[in-house]
Amino acid sequence: MFDYSDKAIQSSFLHDVFSAVPPHYDLINQLITWGLDKQWRRRAARECLASQPRRVLDLCCGTGDLAVTLARLADNNAEVAGVDYSQPMLEIAAQKTKRVGDRSKLSFVCGDIATIPFSDAYFDCIGISFAFRNLTYKNPLAGRYIAEVLRVLNTGGRFVIVETSQPKSRLIKKLYHLYLRYFVFRLGLLISGNREAYRYLAESAANYYAPEELKKLLMKAGFRQVSFRRLLLGAVSIHIAVK
């Protein structure tokens, strides 16, 4: 393992992880969630589009599933952008634009979340799917990342997060953690061969915030209103934070 308190090591580790896993990333996500990840992203996309935003950002877009879903569901010709710092991930995302009829409204940008490459208040909504944990789990740069989200989000804009969470039931929580340790880690290792990437996934998901804790984090960071909804017995939650 590595020292989470070291900013340089943290950033380098995550960059290496998400540059190494793309060939198997989508397949493993579908297997470890039993295909439910698509349904959760679709729900997050609908929350993003509920206020009819003109410009939407898929933050830490990875292979672009949320961005593509947003572009397909938007009925107001919204501009959809995805940003990520893993070029291999973005190359896969670019291939998925073929699924969208009007590809002119969907674009992907390689950039660092610590300095999101867009101007102040540019977006009416920002969505992030299963990547907010990477920005905030024992991450010394968490405050800077959230400040950047607030900077590029318009006043009144929504920040929609779909992320792993913690079930309220002690029994379900214990079973969930066993699932992460013995199924998710081993399956990810078996398919990808990347031990550190899926050890990190299992560890960070098992120790991540409960939804009430994440709500407090977002409110403290400067959002004026935060609500959440539990999914899959609490193993996943959708948060909606308003600037």
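**Exercise 1. A salt bridge within one helix**

Task: In this predicted model, determine where Glu-196 and Arg-199 lie and how far apart they are in sequence.

Solution. Step 1: Both Glu-196 and Arg-199 belong to helix H9, which spans residues 195–207. Step 2: Three residues separate them, about one turn of the helix. Step 3: The two residues form a salt bridge, with the closest N and O atoms 3.0 Å apart. Step 4: The cut-off for such a bridge is 4 Å between a side-chain nitrogen of Lys or Arg and a carboxyl oxygen of Asp or Glu. Step 5: Glu-196 has a relative accessible area of 28% and is partly exposed; Arg-199, at 29%, also counts as partly exposed.

**Exercise 2. Salt bridges between separate elements**

Task: State which elements are joined by the salt bridge of Asp-65 and Lys-96, and which by that of Glu-212 and Arg-230.

Solution. Step 1: Asp-65 and Lys-96 form a salt bridge whose closest N and O atoms are 2.7 Å apart. Because Asp-65 lies in helix H4 (residues 65–73) and Lys-96 in helix H5 (residues 87–96), the pair ties together parts that are 31 residues apart in sequence. Step 2: Asp-65 and Lys-96 are both buried. They also belong to a network of salt bridges that links Asp-26, Asp-65 and Lys-96. Step 3: In the second pair, the closest N and O atoms of Glu-212 and Arg-230 are 2.5 Å apart. Glu-212 is in helix H10 (residues 211–221) and Arg-230 in strand S6 (residues 225–231), so that distant parts of the chain, 18 residues apart, are linked. Step 4: Glu-212 is partly exposed at 33% relative accessibility, and Arg-230 is partly exposed at 28%. Step 5: In the whole structure, a search finds twelve salt bridges.

**Exercise 3. The order of the sheet**

Task: Establish in which order the seven strands stand in the open sheet and which strands stand at its edges.

Solution. Step 1: The order is S3-S2-S1-S4-S5-S7-S6, and the pairing is mixed. Step 2: S3 (106–110) and S6 are the edge strands; each has a single partner strand, so one side of each is left without a neighbour in the sheet. Step 3: On average, neighbouring strands of this sheet are turned by 15° against each other, direction ignored. Step 4: The mixed pairing can be followed in individual pairs. S4 and S5 are parallel, with six bridges, whereas S5 and S7 run antiparallel, joined by seven bridges. S6 and S7 are likewise antiparallel, with seven bridges. Step 5: Two helices can be placed against the sheet. H4 lies across S1, S2 (79–84), S3 and S4, at about 155° to S3. H5 packs on the sheet and touches S2 and S3, its direction making about 170° with that of S3.

**Exercise 4. Strand S7**

Task: Decide whether the residues of strand S7 are buried or exposed, and identify the bridge partners of Phe-159 and Leu-231 in this strand.

Solution. Step 1: S7 covers residues 236–242, and seven of its seven residues are buried, so the strand is largely enclosed by the rest of the structure. Step 2: In a regular strand, side chains alternate between the two faces of the sheet. Step 3: In S7, Val-236, Ile-238, Ile-240 and Val-242 point one way, while Ser-237, His-239 and Ala-241 point the other way. Step 4: The partner of Phe-159 in S7 is Ala-241, and that of Leu-231 is Val-236. Step 5: The hairpin of S6 and S7 has four residues between the strands, and there Leu-232 takes a positive phi near 50°.

**Exercise 5. Helix H7 and the loop before it**

Task: Find which residues of H7 are buried and what covers them, and then locate Asn-139.

Solution. Step 1: The buried residues of H7 are Ala-142, Tyr-145, Ile-146, Glu-148, Val-149, Leu-150 and Val-152. Step 2: Their cover includes strands S1 (55–59), S4 (123–129) and S5 (153–164), together with H6 and H10. Step 3: Asn-139 is found in the loop between helix H6 (132–136) and helix H7 (142–152). Step 4: With a relative accessibility of 8%, Asn-139 counts as buried, the cut-off being under 20%. Step 5: The Asn-139 side chain reaches the backbone oxygen of Asn-134 at 3.1 Å.

Key:
Residues numbered from 1 in each chain as written. Predicted model: local features only at pLDDT ≥ 70, side-chain atom pairs only at ≥ 80, totals over all residues. Heavy atoms only, no water. Buried < 20%, exposed > 50% of the residue type's maximum accessible area, 1.4 Å probe, protein only. Polar contact = N/O pair within 3.5 Å; in protein donor to acceptor, adjacent residues only side chain to side chain. Contact = heavy atoms within 4.5 Å. Pairing = 2+ DSSP bridges. Axes fitted to C-alpha atoms, helices over the stretch in contact; angles between N-to-C directions.
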